[in-house]
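Student: I have a protein with a bound ligand to look at. Can we go through the ligand site and then the fold?

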Amino acid sequence: MKLYGNPMSTCTRKVLTTLAEKGHEAQFVLIDLAKGQQKSPEYMAKQPFGVVPYLEDDGLSMYESRAIIRYLDAKLAGPKLTPSDLPSLARMEQWISIEHSYFSPNAMGIVMELFFKPMRGLTPDMDKVNKGRDGSARALDVADRALMSQAHLAGDKFSLADICWMPYLQYLSATPHGNLITERPHVKSWWQRISTRPSWKKVVG
Ligand SMILES: N[C@@H](CCC(=O)N[C@@H](CS)C(=O)NCC(=O)O)C(=O)O
């Protein structure tokens, strides 16, 4: 199994966390995003959108992080990260969709402006930060209400839904808007719980 990605990329981190939870190692092919390797003709012949991650396994070539982690969980031995009971499965899918539609675009709006742009000496656009803050707050309010009565997004057990939220929570917590997490008591304790898992520690170092 060969994974093309970058250790700083949120989407690569979902895949690496899933592999670590399953106790599996893939051969890692580093794609240097700063050098634009993801846009090289050789790489785009594999991943036509020019982004990471990209997976090759047993003759299968695939991309899209959320599809890859579902594939890995179904294929690999190790703890199941997809609930077997239907209500929990439905909740897991709902929370993956909420992450994709409402949380990560807004959280990354903040992270791009306040984490990555300053690293490149650029000035943040505060309109984008404020829009990201409002959108993230709305998604985190909904998560906080759900986490009041359950330990993880799908229910009692850790699942692919938690993995999908983790990379964005990590970057958000490194910005001056980390209080979006710490001011919501149930989100705060859930984040403390999941971010101390050995799989996540392995991924973020
Ligand atoms: N929907 C894709 C998004 C992948 C994506 O946007 N990857 C980012 C890193 S997290 C990337 O490669 N960015 C480089 C670029 O846009 O050139 C997935 O889930 O795999």
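Tutor: This is a predicted model. Start with S65, where a polar side-chain atom lies 2.6 Å from an oxygen atom of the ligand.

Student: How much of the accessible area of the ligand does the protein cover?

Tutor: On its own, the ligand has 510 Å² of accessible area. The part of this that the protein covers is 71%.

Student: Which elements give two or more residues to the shell around the ligand?

Tutor: The ligand sits in the largest pocket. Residues around the ligand include T10, C11, S65 and R66. The elements that give two or more residues to the shell are α1 (10-22) and α3 (65-75).

Student: Which side chain has an N or O atom 2.7 Å from a nitrogen atom of the ligand?

Tutor: K39 places a polar side-chain atom 2.9 Å from an oxygen atom of the ligand, so that contact does not involve the nitrogen. A pair of N or O atoms counts as a polar contact within 3.5 Å. The side chain at 2.7 Å from the ligand nitrogen is that of E64.

Student: How many charged residues does the shell have?

Tutor: By class, the shell has four nonpolar and five polar residues. K39, E64 and R66 are among the residues around the ligand. The number of charged residues in the shell is three.

Student: What is the radius of gyration of the chain?

Tutor: The chain has nine helices and four strands. For 205 residues the globule rule gives 17 Å, and the chain is close to that, so it is as compact as a globular protein of that length. The radius of gyration is 17 Å.

Terms used:
Residues numbered from 1 in each chain as written. Predicted model: local features only at pLDDT ≥ 70, side-chain atom pairs only at ≥ 80, totals over all residues. Heavy atoms only, no water. Near = heavy atom within 4 Å. Polar contact = N/O pair within 3.5 Å; in protein donor to acceptor, adjacent residues only side chain to side chain. Areas by Shrake-Rupley, 256 points an atom, 1.4 Å probe, with all protein chains shown as cover. 1 Å grid on protein atoms, 1.4 Å probe; cavity = no way out; pocket = protein on both sides within 12 Å on 5 of 7 lines; lining within 4 Å. Sits in = over half its atoms within 2 Å of the grid points. Nonpolar A, V, L, I, M, F, W, Y, C, P; charged D, E, K, R; others polar. Rg over C-alpha atoms; globule rule 2.2 N^0.38 Å.
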